[in-house]
Amino acid sequence: MSSGKKLSQAEKASLIQSLRTHRVNTLIELRRIEKVFANLNTPDVTEPMTSAWAHYVNSNNLLSELRGLTKNYPFSSECLDEAKWMVIGDPQSTRSWNYCWLVLQKAKNQNLIPKHARQLAVKPQMWGGRTPTAAGVEQLAAACIAEWTRALTQMLRHWDSPPTTSGR
């Protein structure tokens, strides 16, 4: 990419191709391209960027990155799945091309982390098949909530403001 703010057609085509072939599939790299495309504000970048974010989330790369940040208590796939379903069912989800941001925001705003942390904490398999005590459930749920919230907050820090359909 050129050092100036101007992006050549060849550079833009290369970025679009990297999105379409999923060569770029980490949050940091997708955000880097998203920022470039937001400055362009041209409609031809919307579909590849939208598709790249959807692939990132649906191919479990978002879950993998969240779990990389939650080593002690791996982030709940059920929590992320519920957030995805909520975004799909939300007519306001068309306000952004960024499915990842929408899913993370939905998990945060709908308090899905505490819900799923508590659901996990009461499962007997979390306690070696034993029935957990109420205090034990609360302690485990609190630990999951703290770690998962920290990871989700860290991921959301990649955006200074909500991405819109134009990426701005």
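Leaving aside neighbours within four places in sequence, with which residues is D90 in contact? In this predicted model, the partners of D90 are R95 and K106. D90 itself is found in the loop that runs between α5 and α6, the latter helix covering residues 99-109. With a relative accessible area of 17%, D90 falls under the 20% limit and therefore counts as buried. Two polar interactions of its side chain can be described. One goes to the backbone, where the side chain of D90 reaches the nitrogen of Q92 at 2.8 Å. The other goes from side chain to side chain, as a polar contact of 2.7 Å joins D90 and K106. K106 thus appears both among the contacts of D90 and as its partner in a polar contact.

Aromatic residues offer a second way into the structure, which holds three aromatic pairs. One of them is formed by W53 and W159, with 5.9 Å from centre to centre and 50 degrees between the planes, a tilted arrangement. W53 belongs to helix α3 (residues 46-58), whereas W159 sits in the segment after α8 (134-156), so this pair ties together parts of the chain that are 106 residues apart in sequence. Are these two tryptophans buried or exposed? W53 is buried, at 0% relative accessibility, and W159 is buried too, with a relative accessible area of 8%. Another of the pairs brings together F75 and W148; it is likewise tilted, with 5.5 Å between the centres and 45 degrees between the planes. Here again distant parts of the chain are linked: F75 comes from the loop between α4 (61-68) and α5 (77-88), W148 comes from helix α8, and 73 residues separate them. F75 has a relative accessible area of 0% and is buried, and W148, at 0% relative accessibility, is buried as well. Returning to the tryptophans of the W53 pair, a cluster can also be recognised: W53, Y56 and W159 form one aromatic cluster.

Helix α4 comes next. Which residues of α4 are buried? They are L62, L63 and L66. Viewed down the axis of α4, the buried residues fall within an arc of 100 degrees, so they line one face of the helix. What does this buried set pack against? The buried residues of α4 pack against α3, α5, α6 and α8. Two of these helices have already been met in the aromatic pairs, since α3 carries W53 and α8 carries W148.

Finally, the backbone deserves a look at two asparagines. N41 has a phi near 55 degrees, a positive value in a residue other than glycine. Its place is the loop between α2 (27-40) and α3, and with a relative accessible area of 45% N41 is partly exposed. N60 also has a positive phi, of about 70 degrees, although it is not a glycine. This asparagine lies in the loop between α3 and α4. At 38% relative accessibility, N60 counts as partly exposed. Helix α3 is thus named in the placing of both residues, since N41 lies in the loop between α2 and α3 and N60 in the loop between α3 and α4.

Note on methods. Residues are numbered from 1 along each chain as its sequence is written. This is a predicted model: local features need pLDDT of at least 70, side-chain atom pairs count only at pLDDT 80 or more; totals for chains, interfaces and linings use all residues. Side-chain values use heavy atoms; hydrogens and water are left out. Rings of Phe, Tyr and Trp (its six-membered ring) pair if their centres lie within 6.5 Å; planes under 30 degrees apart count as stacked, over 60 as edge-to-face and the rest as tilted. Helices (H or I, at least four residues) and strands (E, at least two) are DSSP runs, numbered from the N terminus. Buried means under 20% relative accessible area, exposed over 50%, partly exposed in between (1.4 Å probe, protein chains only). A polar contact is a pair of N or O atoms within 3.5 Å; within protein, one must be able to donate a hydrogen and the other to accept it, and residues adjacent in sequence count only if both atoms are side-chain atoms. Contact means heavy atoms within 4.5 Å. The arc is that of the directions from the helix axis to the C-beta atoms.
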